[in-house]
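Welcome! Please take a moment to look over the sequence and the 3D view before reading on.

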Protein chains: 4
Amino acid sequence: MPQNTKTAAEIIGKVFPCLDHGFVRLVDYMGSDEAVVQAARVSYGEGTKKLREDRGLIRYLMRHQHTTPFEMVEYKFHCKMPIFVARQWIRHRTASVNEYSLRYSKAINEFYLPESETLNLQSAANKQGRSTEAVDVELQKQILEIIKAGTDQAWQDYEKLEATGLSRELARINLPLSLYTEWYWKIDLHNLLHFLKLRLDEHAQYEIRVYAQAIAEIIKIVTPIVWEAFEDYILKAQTFSKDELILLAQMLKFTPESTEPLPVFEDSGLSKREVEEFIEKLNSMKRLRDH
Amino acid sequence: MPQNTKTAAEIIGKVFPCLDHGFVRLVDYMGSDEAVVQAARVSYGEGTKKLREDRGLIRYLMRHQHTTPFEMVEYKFHCKMPIFVARQWIRHRTASVNEYSLRYSKAINEFYLPESETLNLQSAANKQGRSTEAVDVELQKQILEIIKAGTDQAWQDYEKLEATGLSRELARINLPLSLYTEWYWKIDLHNLLHFLKLRLDEHAQYEIRVYAQAIAEIIKIVTPIVWEAFEDYILKAQTFSKDELILLAQMLKFTPESTEPLPVFEDSGLSKREVEEFIEKLNSMKRLRDH
Amino acid sequence: MPQNTKTAAEIIGKVFPCLDHGFVRLVDYMGSDEAVVQAARVSYGEGTKKLREDRGLIRYLMRHQHTTPFEMVEYKFHCKMPIFVARQWIRHRTASVNEYSLRYSKAINEFYLPESETLNLQSAANKQGRSTEAVDVELQKQILEIIKAGTDQAWQDYEKLEATGLSRELARINLPLSLYTEWYWKIDLHNLLHFLKLRLDEHAQYEIRVYAQAIAEIIKIVTPIVWEAFEDYILKAQTFSKDELILLAQMLKFTPESTEPLPVFEDSGLSKREVEEFIEKLNSMKRLRDH
Amino acid sequence: MPQNTKTAAEIIGKVFPCLDHGFVRLVDYMGSDEAVVQAARVSYGEGTKKLREDRGLIRYLMRHQHTTPFEMVEYKFHCKMPIFVARQWIRHRTASVNEYSLRYSKAINEFYLPESETLNLQSAANKQGRSTEAVDVELQKQILEIIKAGTDQAWQDYEKLEATGLSRELARINLPLSLYTEWYWKIDLHNLLHFLKLRLDEHAQYEIRVYAQAIAEIIKIVTPIVWEAFEDYILKAQTFSKDELILLAQMLKFTPESTEPLPVFEDSGLSKREVEEFIEKLNSMKRLRDH
């Protein structure tokens, strides 16, 4: 295993800025790539192995969705984000959270104001998404003015309500979803990777994707071998449905003989075991097609 | 067991109004008091018993925090509430949720406007709570005007942003926390009782307590024996710390002889087993005191 | 939606035998295919649609791993299985369980004795699996005799220890892992499908796969459209890693022009939307290859 | 906060023996008393305070069941225990586990043989428990002989089955519940305290209580202030039901005047806030009684 401990230690507490006022900050972590290997070796009852085998084991676990060893690493972050981002984030239930409470404490005058270039229109094709078309500069300006005036007004109202002595839990009810909140967020690596898979996806809202990208930067440093396996086997992988596999098999036009290892495997970066697994997938595609 | 099936069936789909535009509605449920007994009897390996014994078993389970049989009952609700209530509610992670999405669908023009008499000032004693003092009527009026004008403005802005064609996920960011949202919420009875314990508490914010009370009405009908046990052993119970128990023992001034069942137990409503348990608690208080 | 309610109702309580003394029995359920659609429509804010669209929606949710609507269906089973199977089963933590307790109740004299034809030897290739080779009949007989004599002896010892008056929780400690136990098991459909994905897999131990198959029979009846989508998009799907996708792209030898819908799609059973998604997957394969 | 970091660091990896062949070993941990305070202060939005206030905050959180800050501390243990203990332990679902697998690896010849003095008979009063009566020495000897002979035979059979080449996953099915297994177990402090509350209880089976006690020793060192609060407010506390509170109020015979702080509070160790809370509990008892 590469010695990342020092580098990981260096980023503890470091602010990774997100959006206009937000951030992600690694507060603490427990375990690293080694902890995954250590836990897996308990299950398999094997002794410690060499570095190359450790990497191979992590990649095997990731590829075959043996997820429990990845739960043995724990991350704790301090995050600051707009409430509408926090509302998407909190849907991931397998985490521990302590959030700044507007019942106890006064709100802070910080609201998310999008960058002009992210002000995309509603996508026609995708009901939940933004179009990628450029928006007229004049329209951008107009939109930002409405948003800015809205948050200014909301903050003035909040100050006025506070001044009346109204209880905090009521004074805050008209604060907008663009208000920044913050929390401590603790989660194990397996569930964190699942969060990243969903929130790095291009269908995730841009504003939460920014946070997922910052977290990804952090875990690349703390658990680099796990991250590499996650990219190769999950993030950049594709799943094909039964009917898609039949189509692929038709397109490949391969015949029974073509199941032999092909020269192309030489440069593929696949391990010997993965070549076998790949050929088995090809064969099972053929069986689906010829069924 | 009393035959509540019919009554429970009758309230399926019925709207229990909460606050000015909200509600709770029982969509479906699985199991009733009987399901708790049935599951407990698997563990204990006993055959079916009579009604009186079923009630006794449920009360025993509740009293001794044998919580798993209560997980065998499932509830599904349709709820509509202001976003600031939803944000407290969602912190209960052991539930399944599908919420109305403002990325997909247009917001609905409904905002929470508190009743005048609930507009309490910040409590001096309790950092997170409201004072119980009455508020000046003129001040109430003034507060409501600020809130009302704020939501009117926010809605106008939202309509304007929608009209520009801005993507929905952006157009909604300045909508206030008082906007109503809705969701399907599914949870087992054990975790629902835990939710109710916390949200029926007088320290819970009034606006979520209203929802907890509506849900309590529903589960009283569907699982009446469980509800009765929950009230007697959890809701209306008190826990005394080690030092408080020592004080109590001093105040009781009891001596070794006083551990015998006292006449007062005759009318107490305690079962024979509970009398034994109570005397054991008194004795353990004395041991703490005399230690 | 097809009206399966009646058929589902018919199998409630029906014993699905597993192994020599075990079974799975549907005790209760909440919701059906419709409940998934109902929950998803809350999120999307759409009204009720026609049957064909309901099926399409369920398939869309399954394909894109929008898993929360599947949590809205709940299943409760009564199961009886050898303890070594129960030990694998219980690792699925997102379920509620009440198990027969050997601290409270006497054990029942039922042990798992494998069928001769399932007595496979250790696989050389797969450290955790069985070889598929046939085993010598004489050896089978010999193995079964050892196992049978072992359980007979263990039961005699248990009876002797019980006769001494030894506490049950100690008398049971030498009972073997082949002893049958039973439990109530309650789980939502999303987590049940995950259980089935892992336990229907050919790498799962044969003895737990038998139970997964029995449960699959049941959910095919209660939630048939969900099951069909699960088979097409999960069970019979294949995931290809980044490097495998590059290989596939090389084998397909396709060029930029080949991204146009090919005639082969006509008979593919893919919906219009799925054809677009498939072409996008092919294009992304090419991009990986040509990168 | 006391500086326990050094002491905690010293016990990492140290074996805490349990039963005849078992142990608990702290592998790693994240956070300490400070981490609880740090997370709570995010919610309350307050700056760092002095040591005395930190202790007070932890005690306040424990007393009022504000449990989320306790989730911010994480523990990882390596444990070895008989399978029947592991089966009780695994019922705590909010933990991560990697267990030694008898499908992959050969069993180890270690079985739990109880100490003579723990061989209690079945309790007459308590269906799930042991009597506390001493057992005849001759009977003890006889019981141990049966158990010892049983495990010897089971091991011989296992060796014989292994020798036939039978797959490991089948060869192990007649191994008894007294066989030792081991695992890595990771859990947050809130859920660990809940585990300890249940497993330190005198109704827990002696053999798992031994492990709970070893873990308690460890967390006393790593999170001493949390442990102290846990003892005072949870472990040594008593909960009284509604009817018990009425009885207590009758026994106390107190009148409205007696609600004034009594001299006895001077030496009670209660904080000013706790005295107020105690008087409120007494008053609510009276209200229940006089209702």
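On the two sides of S5(A), are the residues buried or exposed? Keep in mind as you look that this is a predicted model. On one side you will find A:Tyr180, A:Glu182, A:Tyr184, A:Lys186 and A:Asp188, and on the other A:Thr181, A:Trp183, A:Trp185 and A:Ile187; all of them are buried, and both faces of the strand are covered. Strand S5 spans residues 180–188 of chain A, and because nine of its nine residues are buried, the strand is largely enclosed by the rest of the structure.

Let us see which strands pair with S5(A). One partner is S3(A), which runs antiparallel to S5(A) and is joined to it by nine bridges. To find this pairing in the view, start at A:Lys80, whose bridge partner in S5(A) is A:Glu182. That glutamate belongs to the side of S5(A) that also holds A:Tyr180 and A:Tyr184. Another partner is strand S4 of chain A, residues 96–99, which pairs with S5(A) over four bridges, again in the antiparallel sense. Here A:Val97 has A:Trp185 as its bridge partner in S5(A), and A:Trp185 lies on the side with A:Thr181, A:Trp183 and A:Ile187.

Now move to a loop of chain A, the one between helix H3 (51–63) and strand S3 (74–82), where A:Gln65 has its place. Most residues other than glycine have a negative phi. The phi of A:Gln65, however, is positive, near 55°. This glutamine counts as exposed because it has 12 C-beta neighbours inside 10 Å, and 12 or fewer is the cut-off for that class.

Chain B has its own Gln65 to visit. B:Gln65 sits in the loop between helix H3 (51–63) and strand S3 (74–82) of chain B, and its phi is likewise positive, near 55°. With 13 C-beta neighbours inside 10 Å, though, B:Gln65 counts as partly exposed.

Finally, step back and view the two chains together. How are they related? Two copies of a chain are related by a rotation about an axis and a shift along it. In this model, a turn of 180° with a shift of 0.0 Å along the axis lays chain B on chain A with an RMSD of 0.0 Å. That is the relation of a two-fold axis. To locate the axis from chain B, look for B:Pro176: of the residues of that chain, B:Pro176 comes closest, its C-alpha being 2.0 Å from the rotation axis. As for where the copies meet, 100% of the interface residues of chain B are also interface residues in chain A, so the two meet through the same surface.

Definitions and conventions
Residues numbered from 1 in each chain as written. Chains lettered and ligands numbered in written order. Predicted model: local features only at pLDDT ≥ 70, side-chain atom pairs only at ≥ 80, totals over all residues. Least-squares fit on C-alpha atoms with pLDDT ≥ 70 in both. Contact = placed C-beta atoms within 7 Å. Buried ≥ 20, exposed ≤ 12 C-beta atoms within 10 Å, placed from the backbone. Pairing = 2+ DSSP bridges.
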